[in-house]
Structures are given as C-alpha cells and as structure tokens.
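User: I would like to go through this structure with a few questions. Please keep the reasoning short.

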Amino acid sequence: MTIGEKIKQLRISKGLSVSEFAQQIEVTERTIYRWESNKNIPSNSYLAKIAISCDVKIDYFKSEKAKLSIVKLLSIISIVILSLLTLISLIGFIAYLATGQRVLFGLSFDFIIAMLIFSFSLLSFAIVFLSLNKY
C-alpha cells in the first residue's frame with residue numbers, strides 16, 4: 001500500500017472529508033488530493049501531523065517513503081551512468097565518421113555502435129521507468 005493509499009484510508013476511517021482533513025493538517029485540499037493520488041509525498045513534518053491526527057505512529061508511513069526514495073535515487077543514478085555511456089559511444093561514432101578509422105580508443109567500430117544502441121535503449125527505458133514512478 002502506498003503512502004497516498006494509507007493517507008486516504010486513514011482519512012476515510014476517521015470519517016473526514018478532504019476539506020475537513022486539509023483544515024486539520026493545515027494544507028490545501030489540492031495537497032490532500034495530490035498526496036492521496038501519489039503525485040506528491042508529504043514531508044516528514046506533515047506525516048507527523050497526519051499520524052497525530054489519525055492516532056497512528058509515524059512509522060506507519062516510513063517504510064514506504066524510504067523504499068520510494070531508494071528507487072528514485074537508483075533510477076537517477078542509472079540515468080546518469082547510461083547518459084555518460086551513450087555520450088562516450090556517440091563521441092566514438094562521431095570520431096569514426098570524422099577519421100574513418102575502424103578502431104578508436106582501442107575499441108572496434110562494431111563494438112562502439114553496439115554500445116551506443118544498447119546504452120541508448122537502456123537510457124530510454126530508465127527515463128520511462130522514472131517518469132512512470134513519479135515519487
């Protein structure tokens with residue numbers, strides 16, 4: 001269960017409307033909607049307010065937030081590494097076009113092309129994955 005689903009479940013179990021809950025937590029209704037739809041994740045201070053308001057421990061939310069942060073961090077690191085690999089491969093390809101040499105930097109042209117295609121494909125996949133998981 002995501003943090004948003006947990007927040008919505010707690011709000012409904014307390015019998016509060018979005019408007020009432022927003023006033024209690026001191027945020028806008030839009031903020032509550034964004035949290036409940038997992039478009040945003042509340043800060044620790046708001047998680048504490050929600051926990052107090054709903055009589056749960058803040059740990060009720062923590063494991064999910066930590067897991068999402070790790071996934072986001074790993075996705076960003078992957079994108080950076082794949083971007084560098086794509087850039088290096090592209091430089092090798094451009095150098096081949098400029099010089100006509102089939103071996104550059106000790107690597108064959110076929111290997112450079114394969115690395116370019118592979119890294120670009122993985123980079124595209126990583127970007128799509130990160131955009132689908134907006135956490």
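User: Which residue just after helix 3 takes a positive phi?

Analyst: The model is predicted. In it, the backbone just after helix 3 has a phi of about 65°. The residue with this positive phi is Asn38.

User: Which residues of helix 3 are buried?

Analyst: A residue counts as buried when its relative accessible area is under 20%. Glu36, at 12% relative accessibility, meets that cut-off. The buried residues of helix 3 are Ile32, Trp35 and Glu36.

User: Within what arc do the buried residues of helix 3 fall, seen down its axis?

Analyst: In an α-helix there are 3.6 residues a turn, so residues three or four places apart point the same way. Ile32, Trp35 and Glu36 are buried in helix 3. They line one face of the helix, because seen down the axis they fall within an arc of 95°.

User: What covers the buried residues of helix 3?

Analyst: Cover here is a matter of contact, meaning heavy atoms within 4.5 Å. For the buried residues of helix 3, the cover includes helix 1, helix 2 and helix 4.

User: How far apart in sequence are the parts that the salt bridge of Arg11 and Glu36 ties together?

Analyst: Arg11 and Glu36 form a salt bridge, with 2.6 Å between the closest N and O atoms. Arg11 lies in helix 1 (residues 3-13) and Glu36 in helix 3 (residues 29-36), so the parts tied together are apart in sequence by 25 residues.

User: Is Arg11 buried or exposed?

Analyst: The limit for a buried residue is under 20% relative accessible area. Arg11 has a relative accessible area of 8%, so Arg11 is buried.

User: Where do Asp55 and Lys14 lie, and how many residues apart are the parts they tie together?

Analyst: The closest N and O atoms of this salt bridge, formed by Asp55 and Lys14, are 3.1 Å apart. Asp55 lies in the loop between helix 4 (44-53) and helix 5 (59-99), and Lys14 in the loop between helix 1 and helix 2 (18-25), so the pair ties together parts whose separation in sequence is 41 residues.

User: Which class of exposure does Lys14 have?

Analyst: Exposed means over 50% relative accessible area, and buried means under 20%. Its partner Asp55 is at 62% and counts as exposed. Lys14 has 38%, so Lys14 is partly exposed.

User: Which residue meets Lys49 in a salt bridge?

Analyst: The N to O distance in this salt bridge is 3.1 Å. The pair links distant parts of the chain, 23 residues apart, with Lys49 in helix 4 and its partner in the loop between helix 2 and helix 3. Lys49 is partly exposed at 33% relative accessibility, while the partner is exposed at 59%. That partner is Glu26.

User: How many salt bridges does the count come to?

Analyst: A salt bridge needs a side-chain nitrogen of Lys or Arg within 4 Å of a carboxyl oxygen of Asp or Glu. By this rule the count is 3.

User: What accessible area do the residues of the nonpolar surface patch have together?

Analyst: The patch is formed by Ile76, Val80, Leu84, Leu87 and Ile91. Val80 is in helix 5 and is partly exposed at 47% relative accessibility. Together the patch residues have an accessible area of about 440 Å².

User: What percentage of the residues in the protein chain is buried?

Analyst: The protein chain holds 6 helices and 2 strands, in the order α-α-α-α-α-β-β-α from the N terminus. Of its 135 residues, the buried share is 31%.

How values were computed. Residues numbered from 1 in each chain as written. Predicted model: local features only at pLDDT ≥ 70, side-chain atom pairs only at ≥ 80, totals over all residues. Heavy atoms only, no water. Helix = DSSP H or I, 4+ residues; strand = E, 2+ residues; numbered from the N terminus. Buried < 20%, exposed > 50% of the residue type's maximum accessible area, 1.4 Å probe, protein only. Patch = residues over 30% accessible without salt bridge, like charges linked within 9 Å, V, L, I, M, F, W, Y side chains within 5 Å. Areas by Shrake-Rupley, 256 points an atom, 1.4 Å probe, with all protein chains shown as cover. Arc of directions from axis to C-beta.
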